[in-house]
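Here's a quick tour of some charged pairs and one histidine. Have the viewer open while you read.

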Amino acid sequence: MSEFWLISAPGDKTNLQAWERMNTVTSKSNLSSNSKFHIPDLKVGTLDALVGLSDELGKLDSFAESIIKKIAQYIGEVMEDSKDKVQENLLANGVDLISYLTRFEWDMAKYPIKQPLKNISEALAKQVTQIEADLKTRSAAYNNIKGNLQSLEKKTVGNLLTRTLADIVHKEDFVLNSEYLITLLVVVPKSSYIQWQKTYESLSDMVVPRSTKMIAEDAEGGLFTVTLFRKVMEDFKAKARENRFMVREFYFDEKELKCEKEELMKLASDKKQQYVSSTITSAAHNGFSGVSDGAASNSKGTAILLYLFSQGPLLRWLKVNFSEAFVAWIHVKALRVFVESVLRYGLPVNFQAMLLQPNRKSVKRLRDVLNVVFKHLDEVAAASIMDPGMDIPGLQLSNQEYYPYVYFKIDLSLLD
């Protein structure tokens, strides 16, 4: 994205000539791209009201900017697998942000200009505050779902020593309800398969011959069953460890395994219902036709859910409210230019606002040109800018940069 400068100067004949001179110089030297920024005739009110409103608008400006940045970050987060498409989703009133800025038009329906400036400011503040509140609620839900999904993925995609076995083991793999016998699960490294087959029966007494079979395998090894007498279980475990065979602490409980399966399926189902129910069909056309509740039981299923998540209602909400917040933010900027121009240049209201997009390589030169062209507006300020060592009390009244002309920055790079 880019940085823009929103500036204004008096609209009398002398300054209009200065505008033309500035436009000519910056265009010929490729210092910036310039466009007029149209601000309607707003109700001025009293001087005291304008001074108070100036401070309030400064705070609202920073607040709105922070909300826009947060929404943009969440859009990037939910589109983690499509980072290259994030900027396509950062729109204002259906157009890209630069087009919206360079063709800015005041929204008369949302912010009627016949009402006092204070009312417009309060309406903007209320709108941005509501977006922030909704964002907190939705981000909390998003983080909860994401945390649950990460837990789910850890359970389903770990190695055979750590992952859940609910989707691997079956009742027929075990000797159940025996007073004397028990079936253990042992993780054997791939390089030790032959050793296991040769030695498992002799690791301790009372191991049932030919009772082992492999029921699952991953990149590191296999999961084998072995049946033995309960009373030698601890001895078998110790001997197995000595041979780098790791016995899983697992005992088959049909009810417990059923509950775990249902929990995993419910999480996947809740995920789809809350965020992606309307996108499964479109996902199928994009190569995800195998989506089902059981898809969440492996990493591919989780990836599918995350893909669907990024296409669902949460993303739609973020896109709509990014647009709303951005539009509100630029109206706040317009209000600030209006208020500051009246305070700086006086009544009757007569100023021209312009939007400049500086060439990144020519920022300092552009600033020098502006200071020369508009130095007559404030000779003292212009002198201090040309000579940074000059100390003029009261010139820096706030963190806002001060120039002979009214100046506000619109930094879209924070959305990159």
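## A bridge between two helices

Which residue's side chain meets that of Arg336 in a salt bridge? The partner is Asp61, with an N to O distance of 2.8 Å. Keep in mind that this is a predicted model.

Where do the two ends sit? Arg336 belongs to helix H10, which covers residues 313-345, while Asp61 belongs to helix H2, residues 47-78, so this pair ties together parts that are 275 residues apart in sequence. Both ends fall below the 20% cut-off for buried: Arg336 has a relative accessible area of 14%, and Asp61 has just 3%.

## Two bridges within a helix

Now for a couple of pairs that stay inside one helix. Glu132 and Lys136 make a salt bridge at 3.9 Å, N to O. Both residues are part of helix H4 (residues 117-157), and they sit four residues apart, about one turn of the helix. The two ends have contrasting surroundings: Glu132 counts as buried at 18% relative accessibility, whereas Lys136 counts as exposed at 53%.

Asp235 and Lys239 are another such pair, with their closest N and O atoms 3.8 Å apart. Here the helix is H6, residues 233-242, and again the spacing is four residues, about one turn. Asp235 is partly exposed, with a relative accessible area of 37%, and Lys239 is partly exposed too, at 31%.

## The wider tally

Some salt bridges share partners, and that joins Asp61, Lys333 and Arg336 into one network. So the Arg336 and Asp61 pair from the start is part of a bigger group. How many salt bridges does the count come to? The count is 13.

## His331 and its neighbours

Back to helix H10, which also holds His331. Is His331 buried or exposed? His331 counts as buried, with 0% relative accessibility.

What does the His331 side chain have for polar company? One of its polar atoms lies 2.8 Å from the backbone oxygen of Val327. Leaving out residues up to four places away in sequence, His331 touches Tyr100, Phe104, Glu105, Trp106, Asp107, Tyr111 and Leu124. If you're clicking through that list, note that Leu124 lies within the span of helix H4, residues 117-157, and is among the residues His331 touches.

Conventions:
Residues are numbered from 1 along each chain as its sequence is written. This is a predicted model: local features need pLDDT of at least 70, side-chain atom pairs count only at pLDDT 80 or more; totals for chains, interfaces and linings use all residues. Side-chain values use heavy atoms; hydrogens and water are left out. A salt bridge is a side-chain nitrogen of Lys or Arg within 4 Å of a carboxyl oxygen of Asp or Glu. Buried means under 20% relative accessible area, exposed over 50%, partly exposed in between (1.4 Å probe, protein chains only). A polar contact is a pair of N or O atoms within 3.5 Å; within protein, one must be able to donate a hydrogen and the other to accept it, and residues adjacent in sequence count only if both atoms are side-chain atoms. Contact means heavy atoms within 4.5 Å.
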